[in-house]
Amino acid sequence: MPSPIWLFDLDNTLHNASHAIFPAINANMNAFMAKVLGDGENPADPETVNAARLAYWKRYGATLLGMVRHHNVRMDDFLREAHLFDNLAGMIRAERGLGRLLRRLPGRKILLTNAPHRYSHDVMRHLGLHRHFAKHIPIESMRVHGQLRPKPSKQLLRKLLARERVPARRCILVEDTADNLKAAKALGMRTAWVTQYLASSPNLRQLAAGRQIPRFTKRPIFVDVKVQSVRQLPEMLHRLR
């Protein structure tokens, strides 16, 4: 069998973004969106902003896309304001041994993240994982025919397959976001669902609206392998071939 092409998500897949980074990003987004959604003099109220942020995230896979499409926001402005951190390194939490894990997995690794380049580059350097990846595809690079198409866009995934000149069956998408895995599986890719950080995701908590967040015990039909941690991937290789 040819070596696979691994497509790794970043946040809540290779590190625990729910610990501090996602709450900070949401607060930054809310502050920026309150100005945009306000009446020009007064910012929009928190309930309106939260509802819009979650609705766009759920509908498009990235709040950014909703703000660009419906409010004429510039992508660079939104990404800059959403990813302002006083001490990013101090906010990062990740498991040990991820570098050893990546060395054990056969095939090329590509970072495919809906996060911006500067932020994802800084996180990967802090984790010491950048050297294990042949390519880094951040949200700024997710354009198809000039239009922004972040995950879970099937157009984006088809473009990636064409550029890599590989059939979909050789690619394995490793993700925490079920909608992204579903899109990849529909194209014939193999899929690995990472679940350990989902229960603490601030977006999922807000979408649950006080109800208990599912325990993610069932494996959806579009998921080939469900793992708590990416560190379990080597033992699951036989199910991804």
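Modeller: A pocket is an open set of grid points with protein on both sides within 12 Å along at least five of seven lines, and its volume is the space filled by probe spheres set on the points. The model discussed here is predicted.

Biologist: What volume does the second largest pocket have, and which residues line it?

Modeller: The second largest pocket holds about 290 Å³ of space. Its lining consists of Asp76, Leu79, Arg80, His83, Leu84, Phe85, Leu88, Pro116, Arg118, Tyr119, Asp122 and Glu140. Helix 4 and helix 7 (117-127) each contribute at least two residues to that lining.

Biologist: How is the lining of the second largest pocket divided by class?

Modeller: The lining has 6 nonpolar, 1 polar and 5 charged residues. Tyr and Pro count as nonpolar, whereas Asp, Glu and Arg count as charged.

Biologist: Why is Thr191 called buried?

Modeller: The cut-off for a buried residue is under 20% relative accessible area. Thr191 has 0% relative accessibility, so it counts as buried. This residue belongs to strand 7 (residues 190-194). Beyond its neighbours within four places in sequence, Thr191 is in contact with Leu173, Leu181, Ala184, Lys185, Phe222, Val223, Asp224, Val225 and Leu240.

Biologist: Lys185 and Asp224 appear among those contacts. What makes this pair a salt bridge?

Modeller: A side-chain nitrogen of Lys must lie within 4 Å of a carboxyl oxygen of Asp or Glu. For Lys185 and Asp224 the distance from N to O is 2.8 Å, so the pair meets the criterion. Lys185 sits in helix 9 (residues 178-186) and Asp224 in the loop between helix 10 (202-208) and strand 8 (225-227), so the salt bridge ties together parts that are 39 residues apart in sequence.

Biologist: Which burial class does each partner fall into, Lys185 and Asp224?

Modeller: Lys185 has 30% relative accessibility and therefore counts as partly exposed. Asp224, with a relative accessible area of 17%, is buried.

Biologist: What distance separates Asp9 and Lys151 in their salt bridge, and why does the pair tie together separate parts of the sequence?

Modeller: Their side chains meet at 3.1 Å, N to O. Asp9 lies in the loop between strand 1 and helix 1, and Lys151 in the loop between strand 5 and helix 8 (154-164), so the parts joined are 142 residues apart in sequence. Both partners are buried. The structure has 9 salt bridges.

Biologist: How do you know that both faces of strand 1 (residues 5-8) are covered?

Modeller: Ile5 and Leu7 on one side are buried, as are Trp6 and Phe8 on the other. In a regular strand, side chains alternate between the two faces of the sheet.

Biologist: What makes strand 1 a paired partner of strand 2 (residues 108-112) and of strand 6 (residues 171-175)?

Modeller: Pairing requires at least two bridges between the strands. Strand 1 has 4 bridges to strand 2, in the parallel sense, and 4 to strand 6, also parallel, so both cases satisfy the requirement. Leu7 stands opposite Ile110 in strand 2, while Phe8 has Val174 of strand 6 as its bridge partner.

Biologist: Which residues of helix 3 (residues 63-71) are buried, and what covers them?

Modeller: Thr63, Leu64, Leu65, Gly66 and Met67 are buried. Their cover includes helix 1 (21-37), helix 2 (46-60), helix 4 (75-82) and strand 5 (147-148). Just after helix 3, Asn72 adopts a positive phi of about 55°.

How values were computed:
Residues numbered from 1 in each chain as written. Predicted model: local features only at pLDDT ≥ 70, side-chain atom pairs only at ≥ 80, totals over all residues. Heavy atoms only, no water. Buried < 20%, exposed > 50% of the residue type's maximum accessible area, 1.4 Å probe, protein only. Contact = heavy atoms within 4.5 Å. 1 Å grid on protein atoms, 1.4 Å probe; cavity = no way out; pocket = protein on both sides within 12 Å on 5 of 7 lines; lining within 4 Å.
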